Amino acid sequence: MNFTEYMKRAISNADAFKFTAKPNPVVGALLIKEGNIISHGEHEIFGSYHAEINAIERAKKNLGSTFKSFDELTLVCTLEPCSHQGKTGPCVDAIIKAGIKNVIIGSKDPNPLVSGKGIKKLVANGISVEFGICANEVKEQNKYFFFKHENKKPYITVKVAMSADGMSHKKSGERTIITSSASREDVQIVRAEYDAILTGGNTLFADNPRMNARVNFPVNQAKKILLSKKNYISRDFKFFKEADVEILKERDIHKIVSHVQRSSINSILVEAGPKLVNAFLISGLIDELIIYKSPNHLGDNGVSWFDKETAVENFGFTLESTYKIESDTKYIYKKC
Ligand code: AOF
Ligand code: ZN
């Protein structure tokens with residue numbers, strides 16, 4: 001195997017942890033000696049050890065058997081090793097301390113705390129560093145993390161469930177189930193991918209939603225953000241169950257987004273009613289729109305999502321893909 005192939009292996013190993021490492025990036029590392037993988041390590045869980053540390057610690061078990069000293073090994077890691085003291089120690093220090101002399105990196109870390117500094121410190125300590133192998137694949141694998149740092153804003157998706165005639169719910173205000181259970185199951189997987197789920201007070205009071213990802217695999221549940229000006233909100237709503245909830249009174253979407261930008265959140269899924277959804281779309285800060293459309297009509301009893309049929313295009317979105325989910329259709333629009 002050459003280093004590109006090892007990098008691809010490290011990327012694949014890391015992918016298994018995309019739901020538990022978030023909002024951190026997934027990272028994979030391998031320690032190689034003369035064409036053999038001596039050990040591997042991944043960043044498995046948010047807040048826990050980084051990939052390089054896991055690879056080094058795993059290799060130590062074979063020190064003296066498959067290899068005699070770390071200077072015989074090449075470290076292949078998908079992301080630039082960190083140089084900051086975060087929840088765990090800086091990876092570059094552990095690499096230097098172990099005595100590794102060769103490091104092959106996929107992509108530079110876009111996080112300003114690290115970016116370039118990790119590489120610089122390795123080089124300053126006499127370590128040979130090569131970077132840029134499969135950088136695009138690493139970036140694609142961690143697209144929300146890279147997006148946030150490169151665009152100085154989190155990636156924001158709005159998700160709506162719509163009747164065939166473009167309605168959100170019944171005028172009477174009662175909870176209306178529009179799409180099939182299969183579509184609603186699909187939403188669970190979408191939720192699992194995001195770092196934060198945002199809704200408004202109207203949706204909370206009308207639907208009492210849980211808005212967690214009910215999936216059959218381990219997931220670091222999204223932080224929940226509730227926009228409401230109310231001074232008192234009962235914690236009996238399902239939204240608050242086993243959740244990290246932040247309530248914001250702010251109404252200015254730009255200010256809300258800058259506030260989130262300062263946290264570790266890279267991506268937000270907005271699941272709200274027409275008023276808030278339209279405010280987000282008008283702000284121009286939405287990057288993706290997911291519409292689940294059912295074949296059923298609500299007719300005169302319904303409240304429309306958008307004013308015009310061409311609203312989606314007017315907001316600057318283009319259809320990227322369409323999926324059938326039983327009798328519903330899922331449309332994914334991207335900003336262009
Ligand atoms: C690495 N190896 O496996 C990962 C890195 O909060 P912390 O301490 O876990 O640090 C998170 C930041 O560290 C994250 O934003 C990114 O810049 C980097 N992630 N770095 O050397 C890893 N997961
Ligand atoms: Zn690290």
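A residue is called buried here if 20 or more other C-beta atoms lie within 10 Å of its own, and that cut-off is what the account of helix H2 rests on, in a model that is predicted. Seven of the 10 residues of helix H2, which spans residues 51-60, are buried, so this helix is largely enclosed by the rest of the structure. The buried residues of H2 are Ala-51, Glu-52, Ile-53, Asn-54, Ala-55, Ile-56 and Ala-59. What covers them includes two helices, H1 (3-15) and H3 (91-98), together with the strands S1 (28-33), S2 (36-42) and S3 (74-79).

From S3 the path can be followed onward to strand S4 (residues 102-107), which is itself mostly covered, since five of its six residues are buried. S3 and S4 run parallel and are joined by five bridges, and within this pairing Leu-79 stands opposite Ser-107 of S4. Between the two strands the chain passes through H3, making a β-α-β crossover that is right-handed.

S4 also pairs with strand S5 (residues 128-131), again in the parallel sense, over four bridges. Here Asn-102 has Ser-128, in S5, as its bridge partner. To get from S4 to S5 the chain goes through helix H4 (residues 117-124), and this β-α-β crossover is right-handed.

Turning to the nonpolar cores, the largest one has 44 residues, and those with the most contacts inside it are Val-158, Met-162, Ala-196, Ile-268, Val-270, Val-277 and Phe-280. At least two residues of this core come from each of the helices H6 (143-151), H9 (253-261) and H10 (274-283), and likewise from each of the strands S6 (155-162), S8 (196-200), S9 (223-227), S11 (267-270) and S12 (288-293). Among these elements, S6 gives the most to the core, with six residues. Val-277 offers a closer view of the packing: leaving aside residues up to four places away in sequence, Val-277 touches Val-158, Val-160, Val-270, Ala-272 and Trp-305. Apart from this core lies another, of 42 residues, whose members include Ala-10, Ile-32, Ile-105 and Leu-122.

The last feature to look at is the surroundings of ligand 1. There are 17 residues around ligand 1, and of these Val-27, His-43, His-50, Gly-86 and Asn-111 come nearest. By character, the shell around ligand 1 divides into eight nonpolar, six polar and three charged residues.

Methods: Residues numbered from 1 in each chain as written. Chains lettered and ligands numbered in written order. Predicted model: local features only at pLDDT ≥ 70, side-chain atom pairs only at ≥ 80, totals over all residues. Core = buried A, V, L, I, M, F, W, Y, C linked by C-beta atoms within 7 Å. Buried ≥ 20, exposed ≤ 12 C-beta atoms within 10 Å, placed from the backbone. Contact = placed C-beta atoms within 7 Å. Pairing = 2+ DSSP bridges. Right-handed = clockwise from strand over helix to strand, strands pointing away. Near = placed C-beta within 6 Å. Nonpolar A, V, L, I, M, F, W, Y, C, P; charged D, E, K, R; others polar.
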